[in-house]
Amino acid sequence: MQLIRPLAALAVLVATALPALAADAVFPPGLRLGMVPLVGLSTAKTFPGFESEDGSVKVLITELPPAAYGEVVSAFNSNPGGTAGVKQDKIETPAGLAYFTTESGKAGETPVKRYSMIVPGAGFSGYVAVQIPENATKIYTDEAVRQMFASAVTRKQVSAEEQIALMPFKITDLADFKDIRTLAPGSSIILADGNESAGYESKPFMILGLIGATPQQADDRARFAQETALQIPGVRESRVTMSEPIRINGQPGFETRIDGVSGKDKTPVTVVQWIRFSSGGASLRIIASAPRDQWSAAFTRFRAVRDGIQPKG
């Protein structure tokens, strides 16, 4: 009996760290990748994923471009033995074949164990990064992490309501845009007539988000608005056609329009950028694009969305 009791206690300890087999996968808000978290972990407060009560155990979950998965698979295949100190492995999951690494490192002065996993998704690659302090590895073992990885599952879409609820402002008018996609949870979102797989450029779309410190002086704001408009990713051969100060919902703003081409087919587009400046904190930035032959109808919808953005609270 003296031997059996310690063994039984150890079995209970290990079992508590493993994901419950009957448990449902948990999806961090706004993401299409989820999994059954290890016992003792709950939804993180400051990043997408899970963490322990004291914050020492972290499981970060995010989405990467779809090509990222293939790049990792190629890297694994070209160097199956891994690099010094990094162990490579793979595991079948409901989301598909996952590839992951295990290594030791330090977070500041604290020795930690790190795990990284990537899985395929529909139009994205799911990525998970785990960090466990060395003093917790007897509970959160390699096998426990492996079992959590094995529970990885994807969902086809996240409801518009769930994604919009993450934004730091209210969007009260979607102007009939049907494809809603978070670009960065709680930071930026895209509203589109097209979709991710076919590409957005051939139809009207908008990107709404916040930007950090912006100029306070009128002259500086004009220069800032034009410079940022000419640097919009994906738009080439850009030419400013209009740039002027306006009021947006009673706040100082700037409207800048550019003509250019976008996408692999070099679609002629007109793009409007609105910046609603804030005297303190982040400013609202809206980028709206439409093929030139669809511009007039699209612009009316763009303004409806812009004027329907309200502060939370």
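This report walks through a predicted model, starting with how far to trust it and moving on to the sheet, its helices and the aromatic contacts.

**Confidence**

The chain has an average pLDDT of 89, and 93% of its residues score at least 70. Strand E8 comes out on top at 98, while helix H1 (residues 4–17) sits at the bottom with a mean of 38. Take the start of the chain with that in mind: residues 1–18 have a pLDDT below 50, and in the model this stretch makes twelve contacts beyond near neighbours in sequence.

**The sheet and its helices**

Seven strands make up an open sheet, in the order E2-E3-E4-E8-E7-E6-E5, and their pairing is antiparallel. At the edges you'll find E2 (42–43) and E5 (86–93); each has a single partner strand, so one side of each has no neighbour in the sheet. Further in, E4 (residues 58–64) and E8 (residues 125–133) run antiparallel and are joined by seven bridges. Leucine 64, for instance, stands opposite serine 125 in E8.

Two helices go with this sheet. Helix H2 (residues 67–78) packs on it, touching E4, E5, E6 (96–107), E7 (110–120) and E8, and its direction makes about 75° with that of E6. Helix H3 (residues 142–150) lies across E4, E5, E6, E7 and E8, and runs at about 40° to E5.

**Aromatic contacts**

There are eight aromatic pairs in the structure. One of them is tyrosine 69 with tyrosine 99, an edge-to-face pair with 6.0 Å between centres and 70° between the planes. Tyrosine 69 belongs to helix H2 and tyrosine 99 to strand E6, so this pair ties together parts that lie 30 residues apart in sequence. Are these two rings' residues buried or exposed? Tyrosine 69 is buried, because its relative accessible area of 17% falls under the 20% cut-off. Tyrosine 99 is buried too, with a relative accessible area of 8%.

Elsewhere in the chain, Phe177, Trp274, Trp295, Phe299 and Phe302 form one aromatic cluster. Which arginines sit over rings of phenylalanine 177 and tryptophan 274? Here they are, with their distances from the ring centres:

| Arginine | Ring | Distance to ring centre |
|---|---|---|
| Arginine 301 | Phenylalanine 177 | 4.1 Å |
| Arginine 306 | Tryptophan 274 | 4.7 Å |

Arginine 301 lies over the face of phenylalanine 177, and arginine 306 has its charged end over the ring of tryptophan 274. Both of those rings belong to the cluster just listed.

Note on methods: Residues numbered from 1 in each chain as written. Predicted model: local features only at pLDDT ≥ 70, side-chain atom pairs only at ≥ 80, totals over all residues. Heavy atoms only, no water. Pairing = 2+ DSSP bridges. Helix = DSSP H or I, 4+ residues; strand = E, 2+ residues; numbered from the N terminus. Contact = heavy atoms within 4.5 Å. Axes fitted to C-alpha atoms, helices over the stretch in contact; angles between N-to-C directions. Phe/Tyr/Trp six-rings, centres within 6.5 Å; stacked < 30°, edge-to-face > 60°. Buried < 20%, exposed > 50% of the residue type's maximum accessible area, 1.4 Å probe, protein only. Lys NZ or Arg CZ within 6 Å of the ring centre and 35° of its normal. pLDDT = per-residue confidence, 0-100.
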